[in-house]
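Work through the exercises below with the sequence and the model open. Each task is followed by a solution in steps.

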Amino acid sequence: MQKTSAEISGMGHSMKRKEDSRFIQGKGNYVDDVNLPGMVYGHMVRSPYAHARLKSINTDAAKKVPGVLAIITGEDLAKANLAWMPTLSNDKQMVLATGKVLFQAQEVAFVVAEDRYAAADAAELVEVEYEELPVLVDPHKAMDADAPLLREDRTEKNNHIFHWEVGDKAATDKAFKEAAVVSKVNALSPRCHPAPLETCGCVADFNKATEKLTVWLTSQAPHVHRTVFALVGGIPEQNIRIISPDIGGGFGNKVPVYPGYVCAVVASLTLGLPVKWIETRSENLQSTGFARDYHMTAEIAADKEGKVKALRVKTLADHGAFNAAAQPTKFPAGLFSICTGSYEFPQSFCEVDGVYTNKAPGGIAYRCSFRVTEAAYLIERAMDVLADDLKMDPVELRKKNFVPAAKFPYKSPLGWTYDSGDYHAAMKLALDTIGYDALLKEQAEKRKKGELMGIGISSFTEIVGAGPAHTFDILGIKMFDSAEIRIHPTGKAICRMGTKSQGQGHETTYAQIVAQELGIPAKDVQVEEGDTDTAPYGLGTYASRSTPTSGAATAMAARKIKEKARKIAAFLLEVSEQDLEWEPGKFFVKGAPSKAKTIQEIAFAAYTNIPPGLEAGLEAVDYYDPPNLTFPFGTYIAVVDIDKGTGEIKVRRFVAVDDCGNIINPMIVEGQIHGGLTEGFAIAFMQEIGYDESGNVQGGTFMDYLIPTAVETPHWETGKTTTPSPHHPFGAKGIGESPNVGSPAAFVNAVVDALSHLGVKHIDMPITPWKVWNILKEKGITG
Amino acid sequence: MAVKIEKTFRVDQPTDKVWAFLSDPRKVGACVPGAEITEQVDERTYKGAIKVKVGPSVTDYKGEVQIVRLDQALHEIEILGKGQDVRGKGSASMKMTGKVHALDSGSEVTSISELNVVGILAQMGSRVISEVSNVMFEQFLNNFRKQLQSPDAAIGETSTATAKPISAVGVAFSALKATFTRHSSSEEAKADLAKSDSAPPVPDKPKDDSGGK
C-alpha cells in the first residue's frame, strides 16, 4: 500500500484524533448534555429482592410529592401490551415487573417529575409490598429438581435456556480414550461489568404535532434500536429518529435495549413532553448488561511429547433472570467455539448450557466479540495446565502446537476458517522483547531464595468483524455495515456510517481511509455517525466490527467515487481513462505527470463541468458484507512478583505483541491496546459482580467494584507484527478487543506460575491479595 | 447478606439484675438505637419497629420479635426477630443468643447475633453492615448501662415514644471511616460513642482490644 503524505494522512499516519479537541475542552455532547424546553425527568423504582412475588404497589404518597407528573407501573404497561419486551437473544424481558421480580435492582415503577430531585424523592415513597421467594444464585443448582422455578412465563417449566454444541463428539471422545496424557482445568470467567465512564440513559421526545419520536440514546447500535422501537412500540419506523451523540464508552454495555429507555419513551408519548432518564452508577452496575459468568471446564488430550490431539469443553453459562445476551441469532454462546485458539487440534467438541438465575440479565460481550474472551482465557489457561502436567516449558508447548503460518487459511475443527496468521513470529517478538531466557534464570534463582516470581504467556487468537450475511444476523437483520461518502464541490467530504464510535476514534480513522483511497486530506473529511435520519443503515459498533465492516465499506465507496473521478479526469484532460494513472490526490496522464487533475479539481468539475452522459455530483454508498471474519492474534507476556507476607501481586512487566493486520492509525491502535490491557488487568485482579446467598449484589458500587487508576495500572510495552487479512479491502483486522481478550490469561498464568512449585494449578479471577494470601497461608509460606 | 456478630461486655451490676433486664425484650428494645417495641402479642411475642439510616438509605423495618428460648437457670436467652421495610426496600432477620455470667465483681454478657439483611442495605456489603452494627452496638451498650444503673434515666439516642432513626450522618460517616481506615479510626469511632461510660467495651475479637477512652 502506497503511503500518503503527512498532509493527506492516509493509512499508517499517527494523526492526532480529530474528536479529541472537543473532548479535552469539555465540549463533547453526551446524552445528559441534551436539554430541551419543557423537559421532565424519570427515575426508576427498583426491587430490593432477588426473587419475590409482587403483591401491591401503592403510589399515593409518591404522587403527592410536588412536581410529580406520572408514575408508571408494570400493570400500566401491560394494558398497552408493553410490560415485556423482546431481548436480542430471542427471549423476552420485563420492562416493569408484573407478578414477580427476578433480580435485585429490577425495574418496578417509573416516576416522572418536573425535576430529577422530585422524581428521586417520589421514587423513595413508592410503597411496594413483596413476598419473598426462594432465591437461585448458584447456576450449578439451576437444573436441580428442587431449584425454584424462575420464569413462570415460559412454557418450559425449568431454568434451562439453551443447550448448544459444536464439533465431532464421537471422534473427540475417541481421541481422549487413546490419549497418553489428559489435562483438565475448571476455570470460571467471573461475572464482571464494562462500567463505561458514561452510564446509560436517554432523552425521549415525542412531538404530538408531527408524530415524530426523537430519542437521544446511549446506543452502540442506533439503527437496530430504531427497528426494535418500531417493532415493539408499533410506531412507523420513519417517525422514529435515534440519535447517539457522543458516547462515553460502551464496551458492549450499550448494545441492549434497557427498560429505562422504553419507560422514557412511554412517558414522552403519554405526556407529550421530552423525558430524560439517566442511570446512576449503581443502577448501571446492578441492572444493565453484565459480561462473562461462564463456568468452564476444558480437557486437552495430548501425547507424551506435548502434541495436542483433542480439546473437550463443557460450559455452564449464567445469563441471569432474562437471556438478554447481545449476540448473533444463530450463536447462543457467541463465538465461544474459537476456543481451540492458536493451536492445531485435530478434534474438538464444545458444549454450552445456558441457565437462568436470580441475577441481573445480560451476557453481553465486554470488549470482546461475543464470548471470545472466555474462550481465549480458557484455552490459554488449559495450555498452561497441560505444560505443568508434562513438566514442559509453556512456550515450547505452544510453539509445538501453533497452527503454522503456511497452513492459512486454516479450518478449525469447530468450523471456523482463520484468514491469516503467523503465531511463531508474534511469539518470537514477545520473547525477545521481554528477554524470556533471562527471566527463567532469574525465576530459578529467586525460587531458591524462596521469592515468588511468575511469568505468564498468552498466545491468543481472536475472531472479530461479524459478520458474513450467510451466517450472521441480529433479529434477522444481516450483519453487513455501511458507508456513504459525499464529496463537496471544493473537494472536501462528509461521510456517514452505520457504526457508532464510543471513543474508538472513528472520526479520525474513517477519514484516514478516505484520505488513503481518494487523496483528500483526512482533515478535510468529516465523519458523522449515530443519527438514524442521516446515516445509512448499519448494525453498529461492537465485536471489533467497525474496521472490518464499515471500514471496508468506506474503502469500497471511495473506490466507486474514484472510478467516477477517473471518468471526469479523462474528460477534463481530454485523454482516455486507460491513459490515466493515480497517485494519492490526483490522476495524471501516463508519461506526462504535469498533465494532471487533482481530486479537488475533479470534485469541482463534478458540479460545474459535468462530462456528457454522466450524472452530476460525486458520492457513493456501500453496504459491505464481509466474506469472512478476521482473526487478529498476538502474544502477551506478564511478569509478576508476589509479596509473601501480604499476597500482593505486582505486575513488573507486561509485553503485548499484537497483529491486527494493516494499521490505519498506529497511535490509536496503541491507545486501544493500553485501554484494553488496563481493563484486562482489572478483570484479572480486581473486579467481580458478586452476589450473596440471598441474591444481594456485592459489586454494585465503585466501593466494591474496583476501577484501576494510574496508581494500580502497570506499565505497558507494546509491539506488533503485520499479517494482513487477505479478504479485507485494505488488509485490516480490528484491534479494539484483542488486549481485553488476550490479557487476563497472561496475568493469571503468571500468578499461577509464581505458585506452581507449591502445587497450585489454578486460581479463579479476580486474583485478589486476599485470595493469594490464603493460598500462601495454606501452603505454609506465610504465617 | 449474612453477618455474624459476637460481642462480650462487662457491666458493674449483679448478675440477677442484668439477667432480669436482658430477658425482657421491652427493656432491651428500648436500648437499641432507632428501635421500639410497639405491642406485646403474647407472653413471648412482641411487635416492633426499627429505623436504620445508612447514608442516603433509610430502612424502616416493622416486624416481630420472639423469644425462642429462655433458660432462667443458665441465664440464657435466644431471640428471633424478623422485619420488612414498610416501603418494600428489603427485609432483615436476626437470631440473637445472649448469656449472662457472674464475675468476681459485676457480670459479663456474651451475645452472638446472626444477622441476615436482604435489600438495598445489604448492597453496602458485609464490611459496612458490620461497622454499622458495631456503631449501633456501642450506642446500645451505652443505653443498656445507663438503664441498668438508673432505670428511669432518659435514653440518649432513642426513646420508646418516638423511636428516631439512629443518627444518619454520624453512623454512616463513622462506619465508612472505619471501613476505609480499619483499625485506629474504628476504635476512635467507638470511643466517640462510648466515651460517657465507665467500663470500656470488650469486643470479642481481638480479645485484647479494649478500645479507646
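Rings of Phe, Tyr and Trp (its six-membered ring) pair if their centres lie within 6.5 Å; planes under 30 degrees apart count as stacked, over 60 as edge-to-face and the rest as tilted. This is a predicted model, in which local features need pLDDT of at least 70 and side-chain atom pairs count only at pLDDT 80 or more, while totals for chains, interfaces and linings use all residues. Residues are numbered from 1 along each chain as its sequence is written, chains are lettered from A and ligands numbered from 1 in the order in which they are written, and side-chain values use heavy atoms, with hydrogens and water left out.

**Exercise 1. Aromatic pairs**

State how many aromatic pairs the structure holds over all chains, then classify the pair of Tyr343(A) and Phe402(A).

Solution. Step 1: the count over all chains is 35 aromatic pairs. Step 2: the ring centres of Tyr343(A) and Phe402(A) are 5.7 Å apart and their planes differ by 10°, and the pair is stacked. Step 3: place the two residues, taking helices (H or I, at least four residues) and strands (E, at least two) as DSSP runs numbered from the N terminus. Tyr343(A) is in the loop between β17 (308-318) and β18 (347-355) of chain A, and Phe402(A) is in the loop between α10 (394-401) and β20 (410-411); the pair links parts of the chain 59 residues apart. Step 4: check accessibility, where buried means under 20% relative accessible area, exposed over 50%, and partly exposed in between (1.4 Å probe, protein chains only). Tyr343(A) is buried at 0%, and Phe402(A) is buried at 3%.

Now classify the pair of Phe9(B) and Phe137(B).

Solution. Step 1: the centres are 5.7 Å apart and the planes meet at 65°, an edge-to-face pair. Step 2: Phe9(B) belongs to strand β1 (residues 2-11) of chain B and Phe137(B) to helix α3 (residues 125-149), 128 residues apart. Step 3: Phe9(B) counts as buried because its relative accessibility is 3%; Phe137(B) is buried too, at 13%.

**Exercise 2. Backbone geometry**

Find the cis peptide bonds before Pro409(A) and Pro766(A), and place each proline.

Solution. Step 1: most residues other than glycine have a negative phi, and most peptide bonds are trans. Step 2: the bond from Phe408(A) to Pro409(A) is cis, with omega near -5°, and Pro409(A) is in the loop between α10 and β20 of chain A. Step 3: Met765(A) and Pro766(A) are joined by a cis bond with omega about -10°; Pro766(A) lies in the loop between α17 (738-755) and α18 (769-778) of chain A.

Are Arg371(A) and Leu475(A) buried or partly exposed?

Solution. Step 1: Arg371(A) has a positive phi, near 70°, and is not a glycine. Arg371(A) lies in the loop between β19 (362-364) and α9 (372-390) of chain A, and is buried at 2% relative accessible area. Step 2: Leu475(A), also not a glycine, has a positive phi of about 55°. Leu475(A) lies in the loop between β23 (473-474) and β24 (477-478) of chain A and counts as partly exposed at 38%.

**Exercise 3. The interface of chain A and chain B**

Describe the interface by contacts, area and polar pairs.

Solution. Step 1: contact means heavy atoms within 4.5 Å; 19 residues of chain A are in contact with 24 residues of chain B. Step 2: buried area is the accessible area (1.4 Å probe) that two parts lose on being put together, summed over both. The two chains bury about 1700 Å² between them, 42% of it on carbon and sulfur atoms. In chain A, Tyr49(A), Glu124(A) and Met703(A) lose the most area to chain B, together 29% of what that side buries. Step 3: a salt bridge is a side-chain nitrogen of Lys or Arg within 4 Å of a carboxyl oxygen of Asp or Glu. The rule finds one salt bridge across the interface; the side chains of Lys89(B) and Glu124(A) meet in a salt bridge of 3.0 Å, N to O. Step 4: the elements that give two or more residues to the side of chain A that touches chain B are α4 (116-125) and β8 (127-132) of chain A. The largest share of that side, four residues, comes from β8(A).
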